[in-house]
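Okay, thanks for squeezing me in. I'd like to walk you through one structure, so let me put the sequence and the model up on the screen.

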Amino acid sequence: MLTGENIVQSVAGLLNWVYSQLGISALAGFINPIISSVVMFGFISVFVMFLVWMERKVSAHMQSRIGPNRVGPFGLLQTVADAIKLTTKEDVKPVNRDKIPYYIAPIIAFVATFMGMVVIPFDKGMVVQDLNVGILYIIAITGFTVIAILTAGWSSNNKFALLGGFRSAAQIISYEVPLVLSVVPIIMITGTLSLTGIVEYQEKAGYWFIFPQIVAFLIFITSATAEANRAPFDIPEAESELIGGFHTEYSGVKFAMFFLGEYIAVVVSSAVAVTLFLGGWLPVAFLGFLHLPGFIWFMIKLVSVIYVVMAFRWTFPRLRVDQLMDFGWKVLIPFSILNILVTAAVWLFLYGKGAQ
């Protein structure tokens with residue numbers, strides 16, 4: 001059966017042959033990561049364009065509307081038209097902006113979220129870089145998003161953008177705490193920070209962590225949605241209060257980079273949720289007879305989780321700032337800590353000290 005590992009080995013063999021023909025085999029260790037990153041960038045760009053179309057269709061379905069249906073079959077080319085519009089749109093800039101931070105902010109927002117994808121295992125052996133501290137890496141690298149948003153708000157010389165940046169800093173830092181705490185029980189059980197190792201543990205154990213850790217899953221998805229600044233947690237860009245929030249003064253390609261970064265953040269958080277709680281590339285038990293490759297199972301689960309995140313946006317009203325902070329500090333964090341204590345107690349009772 002075709003697997004991600006087989007594909008990676010075949011491509012690696014082809015590249016090694018090309019290197020040997022060109023006499024640059026010594027540079028393989030330098031060139032391969034670049035090629036992998038370019039391939040990942042191409043995939044994520046196309047996938048995000050699909051997600052923009054998907055969200056419009058999801059929102060239209062939930063609101064009894066039609067959605068995109070004019071540009072291309074089923075409106076599939078609508079996002080291509082939007083991309084052309086954004087790249088050709090006039091780049092309007094505030095006269096009194098702080099120039100260097102103003103230009104750097106959207107780049108950081110995009111790159112920080114994209115770099116989180118390089119440690120996501122789509123299948124066994126199908127990962128750009130399998131780090132043994134993959135979870136810590138994702139938490140660390142995606143944290144740069146708050147710096148980008150705060151920088152964008154500060155450098156725009158706009159009070160609404162500045163307020164949006166401050167709101168985002170408070171929100172992301174606050175919801176980072178329950179997000180990290182929700183992952184702790186998984187680390188306690190598996191004894192590893194490697195995303196591949198966590199999937200392999202679920203395969204060996206014969207169950208997905210969503211069943212014993214449903215509370216952690218719900219906390220993780222909620223916190224990840226808040227970190228991506230998506231409704232009902234889109235306080236930093238609340239158009240009814242802040243015009244457009246931190247990206248009010250951005251247009252054209254710069255706005256597109258913020259927009260793309262938000263969707264990539266959704267993809268990264270959903271991919272981590274699939275890996276930690278839904279068995280990653282493992283098949284669904286009662287559908288194993290389909291014999292689909294692991295990366296196909298991963299993509300099916302990924303799109304399903306993203307659909308749930310999109311449904312959140314079109315189901316719940318936006319929270320007030322005080323409600324947002326209260327929910328994070330007074331609800332999610334206490335439940336996260338309680339879940340850690342319960343998991344530790346149950347694990348100690350069932351297996352004893354030091355058992356894996």
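So, let's start with a pocket. The second largest pocket holds about 760 Å³ of space. And before anyone asks, yes, this is a predicted model.

Who lines that pocket? There are 22 lining residues, and the closest to the centre of the second largest pocket are V8, S36, V39, V127 and V128. Which helix gives the most to the lining? That's α2, with eight residues in the lining of the second largest pocket. If you look for helices that each supply at least two residues there, you find α1, which is 4-22, along with α2 and α12.

Now the chemistry of that lining. Sorted by type, the lining of the second largest pocket has 16 nonpolar residues, six polar ones and no charged ones. And where does this pocket sit relative to the domains? Domain 1 is 11-88, domain 2 is 93-351, and both of them give residues to the lining, so the second largest pocket lies between them.

Okay, on to the charges. The count for this model comes to nine salt bridges. I'll pick out a few that hang together.

Start with E55 and R230. They form a salt bridge, and their closest N and O atoms are 2.5 Å apart. E55 sits in helix α2, residues 28-62, while R230 is in the loop between α9, 214-227, and α10, 239-242, so to speak a link between distant parts of the chain, 175 residues apart. Buried or exposed, these two? Both E55 and R230 are buried.

E55 has another partner. Its side chain also meets that of R313 in a salt bridge, at 3.5 Å from N to O. That pair again links distant parts of the chain: E55 in helix α2 and R313 in helix α12, residues 294-313, with their positions 258 residues apart in the count, that is, 258 residues apart. The two ends of this bridge don't come out alike when you check accessibility. E55 has a relative accessible area of 2%, so it counts as buried, since the cut-off for buried is under 20%. R313, on the other hand, has 30%, so it goes down as partly exposed.

Now back to R230, which has a second bridge of its own to show you. R230 forms a salt bridge with E262, the closest N and O atoms being 3.8 Å apart. Why does that pair tie together separate parts of the chain? Because R230 lies in the loop between α9 and α10 and E262 lies in helix α11, residues 252-277, which puts them 32 residues apart in sequence. R230 and E262 are both buried. Put it all together, and E55, R230, E262 and R313 are linked in a network of salt bridges.

Let me move to a spot in helix α9, which is where T225 lies. Its relative accessibility is 3%, so T225 counts as buried. And what does its side chain reach? The T225 side chain gets to the backbone oxygen of I221, at 2.8 Å.

There's also a residue from another helix to look at alongside T225. A311 has its place in helix α12, and at 15% relative accessibility A311 counts as buried. A311 and T225 are 86 residues apart in sequence, and their C-alpha atoms are 11 Å apart in space.

For contrast, pull up F259, found in helix α11. With a relative accessible area of 32%, F259 is partly exposed. F259 and G279 are 20 residues apart along the chain, and 29 Å separates their C-alpha atoms.

Last thing, some backbone angles for those of you who like a Ramachandran plot. N157 is not a glycine, yet it has a positive phi of about 55°. You'll find N157 in the loop between α6, 144-155, and α7, 159-190. H291 isn't a glycine either, and its phi is positive too, about 55°. H291 is in the loop between α11 and α12. Is H291 buried or exposed? Its relative accessibility is 57%, so H291 counts as exposed.

That's my tour. Happy to spin the model around if anyone wants another look.

Terms used: Residues numbered from 1 in each chain as written. Predicted model: local features only at pLDDT ≥ 70, side-chain atom pairs only at ≥ 80, totals over all residues. Heavy atoms only, no water. Salt bridge = Lys/Arg side-chain N within 4 Å of Asp/Glu carboxyl O. Helix = DSSP H or I, 4+ residues; strand = E, 2+ residues; numbered from the N terminus. Buried < 20%, exposed > 50% of the residue type's maximum accessible area, 1.4 Å probe, protein only. 1 Å grid on protein atoms, 1.4 Å probe; cavity = no way out; pocket = protein on both sides within 12 Å on 5 of 7 lines; lining within 4 Å. Points joined across faces, edges and corners; volume = space filled by probe spheres on them. Nonpolar A, V, L, I, M, F, W, Y, C, P; charged D, E, K, R; others polar. Domains from an automatic or database assignment. Polar contact = N/O pair within 3.5 Å; in protein donor to acceptor, adjacent residues only side chain to side chain.
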